[in-house]
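Biologist: Before we begin, please put the sequence and the structure where we can both see them. I will ask about one item at a time.

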Amino acid sequence: MAHTSGRKGGRALSRLTVAAIAAALTGVLAGTAQAAPSPDYRPTPAAPLFPLYATKSTGEVFVYGPDGQGGFGDRERVADADSRDVTALVNVDHAQNGYYDSAYFRSPDGTMHYVPAAKSDTDDPEPVRIGSGWNIYDRLLSPGNLGGTKEADLLARDKSGVLWLYLARTDGTLGDRIRVGGGWDTYTDIVGKGDLNGDGKADMLARDRNGDLWFYKGTGNTNDPFASRVKVGGGWNIFDKLVATGDVNLDGRSDLLARDKAGVLWLYKGNGKQTDPFESRVKIGPGWGQYNDLF
């Protein structure tokens, strides 16, 4: 997210997080039954069910719930949230039940905070300060559990292209960073949320400057969390944004969202295959170019 505001990000993001938790757990997204999954649907850590957030340059934050048909219901404005208060936000599922329950966010001064899970719809938990100096990273994400423990872990790419793994503890704090490797600055986008190849481990996708998309299979090994990359295909530079929110079409597999440069949003359905993890794209709809960020 871009930062232009001097407001305190802690309280604003705390409210955003509580709204997200309430929406995800109750299925009341956009105020319509169509935006909620079937009562029989049960997400898993391998195929989590996360809402899609969209932000405008003016700071407005909107949430979209899956409609159960591979698209989204009507958007709902997240009250009192201003995306300009933070420079990065990472949703996580520490409870490992398939739902987003907490978040990490970075304030403009480079301080990382953790927002714990809310205990009720009216609970507004105070963010916990993780530490300073996080402005050395230009990419933050959490595909899920990468180190074999219960909690969802954090990946961070520094500005020299080195990727680092932070293992999350039960209280949301982070262990010392572990070097994954260098050369990750060749990628213009890195995303992941859940399991793409059906082996129960969190995976990751990365797009290089040539527009090639690469699949990184999760290993569950703390010191070597990804297997050698496998090429998914070329031509992905037609998109200006790749987003992983988990299981969009509610078929039990993690999917991928991609926005093209005309503002059209597309769904790539996950198929669980080892080397070709997606079906042909399906058009969700136009109008998504109004947002400066999707996550």
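Biologist: Is Gly175 buried or exposed?

Modeller: This is a predicted model, in which local features need pLDDT of at least 70 and side-chain atom pairs count only at pLDDT 80 or more, while totals for chains, interfaces and linings use all residues. Residues are numbered from 1 along each chain as its sequence is written, and side-chain values use heavy atoms, with hydrogens and water left out. Buried means under 20% relative accessible area, exposed over 50%, and partly exposed in between, with a 1.4 Å probe and protein chains only. Gly175 has 17% relative accessibility, so the residue counts as buried.

Biologist: Which residues does Gly175 touch, not counting those up to four places away in sequence?

Modeller: Contact means heavy atoms within 4.5 Å. With residues up to four places away in sequence left out, Gly175 touches Tyr166, Leu167 and Arg169.

Biologist: How many strands does the protein have?

Modeller: Helices (H or I, at least four residues) and strands (E, at least two) are DSSP runs, numbered from the N terminus. Alongside one helix, the protein has a number of strands equal to 20.

Biologist: What share of the residues in the protein is buried?

Modeller: The protein has 295 residues. The buried ones make up 58%.

Biologist: Which residues have the most contacts inside the largest nonpolar core?

Modeller: A nonpolar core is a set of buried Ala, Val, Leu, Ile, Met, Phe, Trp, Tyr and Cys residues joined through side-chain atoms within 4.5 Å. In soluble globular proteins, nonpolar side chains tend to be buried together. The largest core here has 17 residues, and those with the most contacts inside it are Tyr104, Trp134, Tyr137, Leu140, Leu154, Tyr166 and Leu174.

Biologist: Which element gives the largest share of this core?

Modeller: The elements that give two or more residues to the core are strands S4 (88-92), S6 (112-115), S8 (137-141), S9 (154-158) and S10 (163-166). The largest share is three residues, and they come from S4.

Biologist: How many residues are in the other core that lies apart from it?

Modeller: The other core includes Phe215, Ala258, Tyr268 and Phe278. Its number of residues is 16.

Biologist: What is the relative accessible area of His113?

Modeller: His113 lies in strand S6. Among its contacts, leaving aside neighbours within four places in sequence, are Ala103, Tyr104 and Pro127. His113 is buried, with a relative accessible area of 16%.

Biologist: How many aromatic pairs does the structure hold?

Modeller: Rings of Phe, Tyr and Trp (its six-membered ring) pair if their centres lie within 6.5 Å; planes under 30 degrees apart count as stacked, over 60 as edge-to-face and the rest as tilted. By that rule the structure holds a number of aromatic pairs equal to 20.

Biologist: How many residues apart in sequence are the parts tied together by Tyr64 and Tyr291?

Modeller: Tyr64 and Tyr291 form an edge-to-face pair, 6.3 Å centre to centre, with 80 degrees between the planes. Tyr64 lies in strand S2 (residues 61-64) and Tyr291 in the loop between strand S19 (282-285) and strand S20 (293-294), so the separation of the parts they tie together, in residues, is 227.

Biologist: What relative accessibility does Tyr291 have, at which it counts as buried?

Modeller: Its partner Tyr64 counts as buried at 8% relative accessibility. Tyr291 also counts as buried, and its value is 3%.

Biologist: Why is the pair of Trp184 and Tyr216 called tilted?

Modeller: The ring centres of Trp184 and Tyr216 are 4.7 Å apart. Their planes lie at 40 degrees, so the pair is tilted.

Biologist: Over the ring of which residue does the charged end of Arg75 sit?

Modeller: A charge sits over a ring if NZ of Lys or CZ of Arg is within 6 Å of the ring centre and within 35 degrees of the ring normal. The charged end of Arg75 is 3.9 Å from the centre of the ring it sits over, that of Phe62.

Biologist: Which residues are linked into a cluster by ring pairs?

Modeller: Phe62 is one of them. The full cluster is Phe62, Tyr64, Phe72, Trp288 and Tyr291.
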